[in-house]
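Here is a small set of exercises to help you find your way around. Have the sequence and the 3D view ready, try each task, then read the solution.

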Amino acid sequence: MPRYTVHVRGEWLAVPCQDAQLTVGWLGREAVRRYIKNKPDNGGFASVDNVSFLVRRCKGLGLLDHEDPLEVALEDNEFVEVVIEGDAMSSDFIPSQPEGVYLYSKYREPEKYIALDGDSLTTEDLVNLGKGHYKIKLTPTAEKKVQNSREVIESIVKEKTVVYGITTGFGKFARTVIPVSKLEELQVNLVRSHSSGVGKPLIPERCRMLLALRINVLAKGYSGISLETLKQVIEVFNASCLPYVPEKGTVGASGDLAPLSHLALGLIGEGKMWSPKSGWADAKYVLAAHGLKPIVLKPKEGLALINGTQMITSLGCEAVERASAIARQADIVASLTLEVLKGTTKAFDTDIHAVRPHRGQVEVAFRFRSLLDSDHHPSEIAESHRFCDRVQDAYTLRCCPQIHGVVNDTIAFVKNIITTEINSATDNPMVFASRGETVSGGNFHGEYPAKALDYLAIGVHELAAISERRIERLCNPSLSELPAFLVAEGGLNSGFMIAHCTAAALVSENKALCHPSSVDSLSTSAATEDHVSMGGWAARKALRVIEHVEQVLAIELLAACQGIEFLRPLKTTTPLEKVYDLVRSVVRPWIKDRFMAPDIEAAHRLLREQKVWEVAAPYIEKYRMEHIPESRPVSPTAFSLEFLHKKSTKIPESEDV
């Protein structure tokens, strides 16, 4: 018998259908009838006959015709939503989909797998898992380690040994011994009570990263989870069934208890869950729709699922990867601005940076040379002011290697810490199978990633700070020798006047966000957990800072391209012309005032998707190959041959590069 799961005003109802010839309209009326029946006040309706509604799929939100037969319109066990007329305009309306779900309307189940062993996951891997590019499987070695650690737990339970979190309560209740008959209930109660987060749920990409990272930590074999349960968790991930995880509530010690508890709550079939097939629904319905059963927790398994720094660290992985991407592209955007402002390349001379050889500084100077070297890439703009009397440029141009450089080195430093953290066991107690015992410790404390992500925010912010000053120089006619605010008929048109204000506002907001959250600590759990990291906020605000940096650089990219319009017919270097062409493929020149926000968003999207880097990278690498003695890849943010191989934009052989 076909069955459908229907969302009505925040309630989920399972509606069986004995006749597949019944219509979509019947399904809507039956769902509303059941909703009214379950409500003491009839849901505010006199009868179902007085209710007007629309029916739509949860996946993709496509509207359904009331007259279509169910067997034609829907698949068995499909998720649909009944929207009561007028509800969508109400502030109380709860849609079945999370923010940004339109990105998942094109979701395709991946065919490739990443084998996790708990030791070799990279930040790039985790971000790709978050994007849904891979499924997960365990290596044979990881499976054996998991089995060995579980044997230790089973021995403890069998022998009734008193061990924290296995046969005792938690936190302040660590001295309370729990009867063997209550050990499974103990784990379920732990998950339920600790699911106390607030705020918006993590978007699907971030929830997938969180779940994948917890699987990687469990695969190390120090958590005591059973292989059976871990494989169930992996099945949930591979089906893209994602629990409702509020973004706020962790203090970063003892681990990220609240968000990880919400993650575990969905796995045991409670709370809300989301999948591309269902949208938001009760977890038990989502699991059932994918042929999965809720996990039944065994002793220690609740604690194994919720004790660790994975919320901080998974968000930290996204932050590091986005920071790396925008740091690379900031050099390209700044190079374009320098050309428009008719700056000199003398400040990027190899010998200058050889005598102050910070790795990031050397690499940034090299990138500027690779994009601006007139001997390698003839520039008509550079040639037009070759004999001007200007000796040196403002710091925002001249000191890019020193300022952008330390950002690159900061990212490399933070990436090293985050990479170590994502491959670390962060449980308590730790299960050491080789010793046949558990040991209590403090690996759950989030101070390492918290401090690192505070540092990342401070470092990356400087890209926006210096970019905003370059936007000022582009817009100010006394500094740029260009029309005021980069527009003709100034006065009638305002051009980039308020775009610069937006950049200034974002930079100012970043200054507050860069205050380190990890300098704060509040004692929790009746002074048992008397020092915490506040790493959850460190991670979330680092991502906000990075997004602001991307947006400021998007404005600079638009302004620099607009500046080139006033220098035509002169051309810049070949790689920078390619960047200009890329921007013009999505944003037309600014002839007179128009709605600017979509242009900023389009440029931001180019940076988020690393399109600017993809266009310029082949030229940078070709220059590197021709100048091996003076340059080498110097940091994780430097260009890599692997990246070139995967995502290169080929240079036409006819071009003189």
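**Exercise 1: a helix and its surroundings.** Which helices do the buried residues of H21 pack against?

Solution. Keep in mind that you're looking at a predicted model.
- Start by finding helix H21, which covers residues 574–584.
- Next, pick out its buried residues: Pro-575, Leu-576, Glu-577, Val-579, Tyr-580, Leu-582, Val-583 and Arg-584.
- Now look at what they pack against: helix H11 (310–340), helix H13 (359–372), H20, helix H22 (597–608) and helix H23 (611–626).
- To wrap up, eight of the eleven residues of H21 are buried, so the helix is largely enclosed by the rest of the structure.

**Exercise 2: one histidine.** Find His-404 and work out whether it is buried or exposed.

Solution.
- Go to helix H16, residues 400–422, where His-404 has its place.
- Check its relative accessibility: His-404 is at 0%. Buried means under 20%, so His-404 counts as buried.
- Then look for a polar partner: the side chains of His-404 and Asp-331 are joined by a polar contact of 2.8 Å.
- Leaving aside residues up to four places away in sequence, His-404 touches Ala-330, Asp-331, Ala-334, Val-364, Leu-463, Ile-466 and Arg-470.

**Exercise 3: the nonpolar cores.** Find which helix gives the most residues to the largest nonpolar core.

Solution.
- The largest nonpolar core has 162 residues. Those with the most contacts inside it are Ile-215, Leu-305, Leu-453, Leu-456, Val-460, Leu-463 and Phe-496.
- Helix H20 (residues 535–565) gives the most to this core, with 17 residues.
- Apart from this core lies another, of 23 residues, among them Val-6, Tyr-35, Leu-64 and Leu-74.
- Zoom in on Val-460: not counting residues up to four places away in sequence, Val-460 touches Ala-323, Ile-326, Val-407, Ile-411, Ile-546 and Val-549.

**Exercise 4: a four-stranded sheet.** Trace the open sheet that holds E1 to E4, and say which strands stand at its edges.

Solution.
- Read off the strand order, E2-E1-E4-E3, with mixed pairing.
- Look at the ends of that order: strand E2 (11–16) and strand E3 (53–57) have a single partner strand each, so one side of each is left without a neighbour in the sheet.
- Going from one strand to the next, the twist averages 30 degrees.
- Strand E1 (residues 3–8) pairs with E2 in the antiparallel sense, over six bridges. For one concrete pair, take Thr-5, whose bridge partner in E2 is Ala-14.
- Add helix H1 (residues 24–38), which packs on the sheet and touches E1, E2, E3 and strand E4 (79–84). The direction of H1 makes about 125 degrees with that of E2.

**Exercise 5: two strands and a crossover.** Follow the side chains along E5, then the chain from E5 to E6.

Solution.
- In a regular strand the side chains alternate between the two faces of the sheet.
- Strand E5 (residues 113–116) shows such alternation: Ile-114 and Leu-116 point to one face and are buried, while Tyr-113 and Ala-115 point to the other and are not.
- E5 and strand E6 (residues 135–138) pair in the parallel sense over four bridges, and Ile-114 stands opposite Ile-136 in E6.
- Between E5 and E6 the chain goes through helix H3 (residues 123–130), and this β-α-β crossover is right-handed.

**Exercise 6: unusual backbone spots.** Locate the cis peptide bonds before Pro-429 and Pro-569, then the positive phi angles of Leu-486 and Met-534.

Solution.
- Most residues other than glycine have a negative phi, and most peptide bonds are trans.
- Asn-428 and Pro-429 are joined by a cis peptide bond, with omega about -5 degrees. Pro-429 sits in the loop between H16 and strand E12 (430–432).
- The bond from Arg-568 to Pro-569 is cis too, with omega near 15 degrees; Pro-569 is in the loop between H20 and H21.
- Leu-486 isn't a glycine, yet has a positive phi of about 60 degrees. Leu-486 is buried, with a relative accessible area of 0%.
- Met-534 has a phi near 55 degrees and lies in the loop between H19 and H20. At 14% relative accessibility, Met-534 counts as buried.

How values were computed: Residues numbered from 1 in each chain as written. Predicted model: local features only at pLDDT ≥ 70, side-chain atom pairs only at ≥ 80, totals over all residues. Heavy atoms only, no water. Buried < 20%, exposed > 50% of the residue type's maximum accessible area, 1.4 Å probe, protein only. Polar contact = N/O pair within 3.5 Å; in protein donor to acceptor, adjacent residues only side chain to side chain. Contact = heavy atoms within 4.5 Å. Core = buried A, V, L, I, M, F, W, Y, C linked by side-chain atoms within 4.5 Å. Pairing = 2+ DSSP bridges. Axes fitted to C-alpha atoms, helices over the stretch in contact; angles between N-to-C directions. Right-handed = clockwise from strand over helix to strand, strands pointing away.
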